[in-house]
Amino acid sequence: MKALKIGNLNIPLPIIQGGMGVCVSLSGLASAVANEGGIGVISAVGIGMKEPDYKKNFREANKTALRKEIRKARQKSNGIIGANIMLAISDFDDLLRVAVEEKIDIVFVGAGLPLKNPDYLKESSTKFVPKISSARAAKLIFRHWSEKYNRVPDAVVVEGPLAGGHIGFRKKDGLIPEISLSSIVKETVNEIDFFEQKYGIEIPVIAGGGIYTGKDMFEIMSAGARAVKMGTRFVTTNECDVSDEFKQNYINCSQEDITIIDSPVGLPGRVITNDFVKQIKQGKQKPINCSWKCLKTCDYKKSQFCIAEALFNAAQGDFANGFSFAGTKAYLAEKIISVKETINQIKQEYYQEQLQLEAIKI
Ligand SMILES: Cc1cc2nc3c(=O)[nH]c(=O)nc-3n(C[C@H](O)[C@H](O)[C@H](O)COP(=O)(O)O)c2cc1C
Ligand code: SF4
């Protein structure tokens, strides 16, 4: 496994733990992954929902909680810590600013095309990494940044249709298109090559979505990815910041339980089914108390349910009023183990696949 380099950041283990909201990946999980040599990522979405004043002052609660979690992660680890900030949230700029003020090593930005490069980011050492679902989107962002700012993002995450959480693919005939992650990775590597040449820098392409085993990791790295981003695999770890009920929900689910809903974010979302999910699929309206317009894209007057509340409730173990996001491979989870054991298993699976392939070549 080759170490990953993003600008001047040296990451010994080319594994990035995907940021998971609401309140699933906080300082506990992020610091544990960073301590193993990967990148640990705090999800900023709805991060203030645990703060006592959240309902009165949402903006401040989110800022306070993000600051606290970054500081806690720094106390627990000297490794590389990132934050995931969705472009679709109303306080994107506030939270990006807090992350930069706290000198976060890297930010991952999904759920939209990040075309702005604010001055405070330009002047910082924080690395900026967009998450996209097609080579076309990567080209658009990189060309825009190159023309407007004469620089480009530091890396790019390519996320395929098998990922947990919101998916960057529109449904066709009611289904998520079956596009292979390796083909999007190869196309993106080709597009990014132009910018690597132009700026004389390395711009790693990182792959995510449905990567669960070391075998998955080996295969996608053979297709040109320099690292992987894994969310689902890290949920069932001791250090993951979510409730035990949420982790058990992964362990108890079967492949058939993993399904797609329409999220008020305006994208499909992959979840584990339960009565709540069945009801919204039947078109039932759930009570909405939109305490503030947390999402730019959510029309709370028309929404069937509040996604922020539903995800937060599930994170606290309340599945009567919520559901968990999960990737297509969540059903593979067998038990709750430490991050160290998880990473050791992934490494073993990776090297086993590599050895088998070498044996075939001989
Ligand atoms: C429970 C859960 C919550 C997630 N929350 C977010 C989020 O808040 N923001 C985001 O950009 N991605 C989110 N994701 C996506 C992950 O960051 C990551 O890209 C994805 O999990 C990779 O696919 P995998 O789950 O198959 O490993 C979430 C994924 C899961 C499973
Ligand atoms: S209804 Fe929509 S905008 Fe309002 S809090 Fe819920 S998710 Fe956010």
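Contacts in the protein chain with a separation of 6 or more are 65% between residues 24 or more positions apart. The model is predicted, and the protein chain has twelve helices and 13 strands. The radius of gyration is 19 Å, close to the 21 Å that the globule rule gives for 362 residues, so the protein chain is as compact as a globular protein of that length.

**Overall dimensions and burial**

- Taken along the principal axes, the box filled by the C-alpha atoms of the protein chain is roughly 60 × 50 × 45 Å.
- Buried residues make up 52% of the 362 in the protein chain.

**Surroundings of ligand 1**

- There are 28 residues around ligand 1, and those that come nearest are G18, G164, G165, G231 and G327.
- By class, the shell of ligand 1 holds eleven nonpolar, 15 polar and two charged residues.
- Glycine counts as polar in this division, and the five names G18, G164, G165, G231 and G327 are listed as nearest to ligand 1.

**Surroundings of ligand 2**

- Around ligand 2 there are 13 residues, of which C290, C294, C298, Y300 and C306 come nearest.
- The shell of ligand 2 consists of ten nonpolar residues, two polar and one charged.
- Cys and Tyr are both counted as nonpolar here.

**The loop between β3 and α1**

- Most residues other than glycine have a negative phi, and most peptide bonds are trans.
- The peptide bond from G21 to V22 is cis, and its omega is near -5 degrees.
- V22 is placed in the loop that runs between β3 (15-17) and α1 (27-35).
- C23 is also in the loop between β3 and α1, and C23 has a positive phi of about 65 degrees without being a glycine.
- C23 has 24 other C-beta atoms within 10 Å; the cut-off for a buried residue is 20 or more, so C23 is buried.

**The loop between α5 and β8**

- N150 sits in the loop between α5 (135-149) and β8 (156-159).
- The phi of N150 is near 55 degrees, which is a positive value in a residue other than glycine.
- N150 has 8 C-beta neighbours inside 10 Å; a residue is exposed at 12 or fewer, so N150 counts as exposed.
- Buried or exposed: how do the two residues with positive phi stand? C23, with its phi of about 65 degrees, is buried, whereas N150, with its phi near 55 degrees, is exposed.

Technical notes: Residues are numbered from 1 along each chain as its sequence is written. Chains are lettered from A and ligands numbered from 1 in the order in which they are written. This is a predicted model: local features need pLDDT of at least 70, side-chain atom pairs count only at pLDDT 80 or more; totals for chains, interfaces and linings use all residues. Helices (H or I, at least four residues) and strands (E, at least two) are DSSP runs, numbered from the N terminus. The radius of gyration is taken over C-alpha atoms; the globule rule is 2.2 Å times the number of residues to the power 0.38. Two residues are in contact if their C-beta atoms, placed from the backbone, lie within 7 Å. A residue is near a molecule or strand if its C-beta atom, placed from the backbone, lies within 6 Å of it.
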